[in-house]
Amino acid sequence: MMQQITTAIVAMAAACAISSAGAQPAGLRAAAVKVDITPSSSKYLLGYGERKNTGVHDHIFTRVVALDDGATQFFLASSDVCEFSPAVYEEFAAQLKKETGIDRLQVWWTTTHTHSAPEIGPPSVADLTMPERHTHPTDTEYTAFVERTLIDAIKEARTKLEPARLVVGTGYSAANINRRATDLQGHSSLGLNPDGPVDRRINLLRLERPDGTPIALVANYPIHATSLGPENLMISGDVPGVVAAYVEEKISAPMLFINGAAGNLAPIYETRRNFSDAHITQFNSLLGDRILAANSAMKAPVSEARLRLSERIVETPRRHGYGWEEALNSYLRVAPGGDGAIRLPVRFLIINDDLAIWSAPVELFCEISMDIRARSPYEHTFYFGYGNGSLGYLPTRQAFAEGGYEPGTGPFTDSVEEDLKNVVIPYLQGHGR
């Protein structure tokens, strides 16, 4: 086992590609685009064991929001899929830049983490401990389709930018529950734990026209999209997709569901056999109506915005003996004869002086996100999970001691919580200001 690796903070020299030289922020502009990515043929579903869908319960989508402050453009995408390798994101980002000139730091591609949608791309690092999930070839055709629709959606959103106002707010929903059941010996396993840590805050961003009509709503809430279990063979957006469709019908605008620190949080109805057993429509009340209520309560829109984008790299030890994918070699620094350090990219978006959003390609435990939020100097601090791929679970140090599924399948060691915080918290408290 290698010795503790010192956390490194590496600034990415791409600011010149994000902002025009000498440009000054002007009035905010925004746009939203929603595209259907439901396949027309049977596909392998990602999230449980190897299985193919036999039909479609509800369509799945990619939704995109574009922001432009006059100096910087930013694109946020949410796709109704489980997850994908960061290598897929890098491939997409390179093609997007080739076609549009948009830099990779300007684009965050998140997933809702539904376990009832087709897989895209090759297996990720997180699947190395579960090779039985990928005995079939990668579906390159569907992967290319999802990437192409995203690129085209970003292009379309760019052409539709219009004057906009931004509103920020929060709400509350008890639709989730801790999923790490602990026995008398202190060992954890997958289950439901009503006494475990849980984050039930809804974070909201509303984009509206100067007359108040909505352009889009961004709803950020941590919940594993696993109300449907491995016996379900119907394509579905699960809780995030069903709730998004419900809210969109009420507000007549796209809603991006951005999952949060859901690594140890399940829906209150978990891995059920079918939609009836999962009480799927009840989430429209448990979560959808709570989103709508919080949206209605938000006040004080702003039409002037300053967007600041950056990336930092967290270096943290790779678990001893854990494998790796060659396509992800840029995410690993290996010393001769050692396990090396994982290079975990963390993105930041600062809007004006009161909103900080950060994102990472992991399934983060909620306690980490909540602690960072509590120690942030910003009035609002949001964590967007499953950002730009996934490198697996990022648990707390305590969770490593308790054991269980998440620490046992991920590539990290018990120092990763501290390593991450040593980058994110100083940035928010210092450089981000």
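Which residues of the largest nonpolar core touch the most other members? In this predicted model, the answer is W358, V362, L364, L391, L394 and L420, which belong to a core of 36 residues. Several elements come together here: strand 17 (341–351), strand 18 (355–359), helix 6 and helix 9 (416–431) each supply at least two residues of this core. Helix 9 gives the most, with 7 residues.

L391 offers a good place to begin looking around this core. Leaving aside residues up to four places away in sequence, L391 touches P86, V125, A126, W324, L328, Y331, I342, L344, P361, V362, P411 and F412. One of these partners, V362, is itself among the core members with the most contacts to other members. A second core, separate from the one just described, has 31 residues, and V33, L45, F84 and V146 are included in it.

Helix 6 can be followed a little further through S369, which is found in this helix (residues 366–375). With a relative accessibility of 6%, S369 counts as buried, because buried means under 20% relative accessible area. Beyond four places in sequence, the residues that S369 touches are A261, W358, L364 and Y383. Two of these, W358 and L364, also appear among the members of the largest nonpolar core that touch the most others.

L364 leads on to another residue, N264, which has its place in the loop between strand 13 (255–259) and strand 14 (265–267). N264 is buried, with a relative accessible area of 1%. Not counting residues up to four places away in sequence, N264 touches I177, N178, R179 and R180, and also L364, F365, C366 and E367. With C366 there is a polar approach to look for: a polar atom of the N264 side chain lies 3.0 Å from the backbone nitrogen of C366. As for T159, 105 residues from N264 along the chain, its C-alpha atom is separated from that of N264 by 39 Å.

Where in the model is there open space? The largest pocket has a volume of about 320 Å³. Its lining is made up of 24 residues, of which G47, H115, R133, Y393 and Y405 are the closest to the centre. Strand 9 (188–193) and helix 8 (405–409) are the elements that give two or more residues to this lining. By residue class, the lining of the pocket divides into 8 nonpolar, 10 polar and 6 charged residues.

Helix 8 also serves as a landmark for T413, which lies in the loop between helix 8 and helix 9. T413 is buried, with a relative accessible area of 13%. Apart from residues up to four places away in sequence, T413 touches P317, R318, R319 and F400.

Two loop residues stand out by their backbone angles. H113 has a phi near 75°, a positive value in a residue other than glycine. The loop that holds H113 runs between strand 5 (107–111) and helix 3 (140–159), and H113 is buried there at a relative accessible area of 2%. Y386, likewise not a glycine, has a positive phi of about 55°. Its setting is the loop between strand 20 (380–384) and strand 21 (393–394), where Y386 is buried, with a relative accessible area of 1%.

Two glycines complete this tour, and they can be compared by their surroundings. G169 lies in strand 7 (residues 165–172) and counts as buried at 6% relative accessibility. Besides its neighbours within four places in sequence, G169 is in contact with I202, N203, L204, M298 and F382. For one of these partners, I202, the separation along the chain is 33 residues, while the C-alpha atoms of G169 and I202 are separated by 8.4 Å.

Is G212, the other glycine, buried or partly exposed? G212 is partly exposed, with a relative accessible area of 32%, because partly exposed covers the range between under 20% and over 50%. G212 lies in the loop between strand 10 (201–208) and strand 11 (214–221). The C-alpha atom of G212 is separated by 8.9 Å from that of A164, a residue 48 places away along the chain.

Methods: Residues numbered from 1 in each chain as written. Predicted model: local features only at pLDDT ≥ 70, side-chain atom pairs only at ≥ 80, totals over all residues. Heavy atoms only, no water. Helix = DSSP H or I, 4+ residues; strand = E, 2+ residues; numbered from the N terminus. Buried < 20%, exposed > 50% of the residue type's maximum accessible area, 1.4 Å probe, protein only. Contact = heavy atoms within 4.5 Å. Polar contact = N/O pair within 3.5 Å; in protein donor to acceptor, adjacent residues only side chain to side chain. 1 Å grid on protein atoms, 1.4 Å probe; cavity = no way out; pocket = protein on both sides within 12 Å on 5 of 7 lines; lining within 4 Å. Points joined across faces, edges and corners; volume = space filled by probe spheres on them. Nonpolar A, V, L, I, M, F, W, Y, C, P; charged D, E, K, R; others polar. Core = buried A, V, L, I, M, F, W, Y, C linked by side-chain atoms within 4.5 Å.
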